[in-house]
Amino acid sequence: MFQKRSQRLMLLLLILTLGLVLADLSLGPVVIPASDIWNSLSGQGASKTTWEYIVLNYRLPKTIMAILTGAGLSVCGLLMQTLFRNPLAGPYVLGLSSGSSLGVALVILGAAWLPQTDFFWTEISLVVASLIGSMLVLLAVLLVSQKLRDTMSILIVGLMFGSFTSAFVSVLTYFSSAEQLQKFTFWSMGSLGNLSWNALAILAILVLLGLLLAGYCIKSLDALLLGENYARSLGINYAKTQRIIIISASILAGSITAFAGPIAFVGLAVPHIARLVFKTSNHRILFVATLILGAMLMLFCDILSQPPGTDLMLPINAITSIIGAPVVIWLLLQPSKYRKS
């Protein structure tokens, strides 16, 4: 009965996701009919050439970017909450996004020696720097967490590492030129648009790799909820699982942050929404649920960031914070059983 309920919910969420994809492709400064969207995607040609250009070269990459971003950050948050056994853990809260931001800041603000005229190597350098930054912060938090058993203390440590990296970014911005500062400021606001197909392909490969690594650990995640000793008693190679989770979370958080900017609260909020909707702690179900719900949330935020019929383009990071922050407040107000490790 439980499995059938989960399957029905999954099917319903997939249908809603398709509806959000259609809405994201249709809505914006120019509202495009669904029939013209289908004709553009199928190669039949829209009734207006400008509509076809908008769909294929702007809205379709942005929609794919929203799906990759939402799914990747949500699974990253699920991994962090399970590894640290902390319901408030996430790529943004634990400082992974700040570490990625420091890596990107070093490339944009402090690395004049990079071949900035070469698009491919510029994009690669951003991704590599972002990955290294997120992995170093995660390793530092994990190292400190070995000495701390209090989940809230681990959370504070993550916030402190985030503040530490943010301080370095502030120093870099102080000594940067106006052009560099403007570029970094726009990046830090977060954006799902203005991404080429080449850059989108790089991101898709990295996100797929991170998700495959996360999927490899699914069988171990349920045991990790009950602690390291319990996982070892079941024959799970804890050190190996921990390394895979670190690599997976770093790839997901680092690559997405490099291309989309620091997106707040998605990785923190979506796993809790999945648990609330599916009423389970089974990671086989939660893994798929967070993928779908994360994609849905980012598609919804992308629609809100560009109100139909207007030229306004709100920063995506602001929209995710408006939606995600109340979820965190709700979690803190719950009885203590929801916050146990």
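D302 and K62 form a salt bridge, with their closest N and O atoms 2.9 Å apart. D302 sits in helix 13 (residues 283-305) and K62 in helix 3, so this pair ties together parts that are 240 residues apart in sequence. That is a good place to start a tour of this structure, which is a predicted model.

## A network around K62

K62 has a second partner. Its side chain also meets that of D24 in a salt bridge, at 3.9 Å from N to O. Here K62 belongs to helix 3 (residues 49-83) and D24 to helix 1 (residues 2-26), so the pair ties together parts that are 38 residues apart in sequence. D24, K62 and D302 are thus linked in a network of salt bridges. The structure holds two salt bridges.

Are the members of this network buried or exposed? K62 and D24 are both buried. For K62, the relative accessible area is 4%, and D302 counts as buried too, at 3% relative accessibility. As general background, side chains of opposite charge can pair when their charged atoms come close.

## Two cysteines apart

How many disulfides does the structure have? The count comes to zero. The reason lies in distance: the sulfur of C76 is 13 Å from the closest cysteine sulfur, which belongs to C217, and this is too far for a bond. Seen from the other side, the closest cysteine sulfur to that of C217 is in C76, again 13 Å away and too far for a bond. A disulfide would need the two sulfur atoms within 2.5 Å. Both residues are hidden from the surface by the accessibility rule: C76 counts as buried at 0% relative accessibility, and C217 is buried with a relative accessible area of 2%.

## L224 and its contacts

L224 is found in helix 9 (residues 218-224). At 4% relative accessibility, L224 counts as buried. Which residues does L224 touch, leaving aside neighbours within four places in sequence? The contacts of L224 are T82, R85, A231, Y238, T241 and I245. For a sense of scale, L224 and I292 are 68 residues apart in sequence, and their C-alpha atoms are 23 Å apart in space.

## An aromatic pair in helix 6

A search of the whole structure turns up one aromatic pair. The rings of F164 and F168 have centres 5.2 Å apart and planes at 75°, so the pair is edge-to-face. F164 and F168 share helix 6 (residues 151-174), where they are four residues apart, about one turn of the helix. F164 is exposed, with a relative accessible area of 52%, while F168 is partly exposed, at 45%.

## A nonpolar patch on the surface

V128, I132, L136 and L139 form a nonpolar patch on the surface. Together these four residues have about 350 Å² of accessible area. One of them, L139, lies in helix 5 (residues 119-145). L139 is partly exposed, with a relative accessible area of 39%.

## Two loop residues with positive phi

Now for the backbone. Most residues other than glycine have a negative phi. Which values of phi do F265 and K279 have? The table sets out the two residues with their places and accessibility.

| Residue | Phi | Place | Relative accessible area |
|---|---|---|---|
| F265 | near 70° | loop between helix 11 (238-260) and helix 12 (266-278) | 22%, partly exposed |
| K279 | about 50° | loop between helix 12 and helix 13 | 61%, exposed |

F265 has a positive phi although it is a residue other than glycine, and K279 likewise has a positive phi without being a glycine. F265 comes in the loop between helix 11 and helix 12, and K279 in the loop between helix 12 and helix 13.

## Looking back

If you would like a few places to visit in the model, begin with K62, which is linked with D24 and D302 in a network of salt bridges. From there, move to the edge-to-face rings of F164 and F168, and then to the nonpolar surface patch that includes L139.

Terms used
Residues are numbered from 1 along each chain as its sequence is written. This is a predicted model: local features need pLDDT of at least 70, side-chain atom pairs count only at pLDDT 80 or more; totals for chains, interfaces and linings use all residues. Side-chain values use heavy atoms; hydrogens and water are left out. Patches are made of residues with over 30% relative accessible area and no salt bridge: like charges are joined within 9 Å, nonpolar side chains (Val, Leu, Ile, Met, Phe, Trp, Tyr) within 5 Å. Accessible areas come from the Shrake-Rupley method with a 1.4 Å probe; for residues, only the protein chains shown count as cover. Helices (H or I, at least four residues) and strands (E, at least two) are DSSP runs, numbered from the N terminus. Buried means under 20% relative accessible area, exposed over 50%, partly exposed in between (1.4 Å probe, protein chains only). Rings of Phe, Tyr and Trp (its six-membered ring) pair if their centres lie within 6.5 Å; planes under 30 degrees apart count as stacked, over 60 as edge-to-face and the rest as tilted. Contact means heavy atoms within 4.5 Å.
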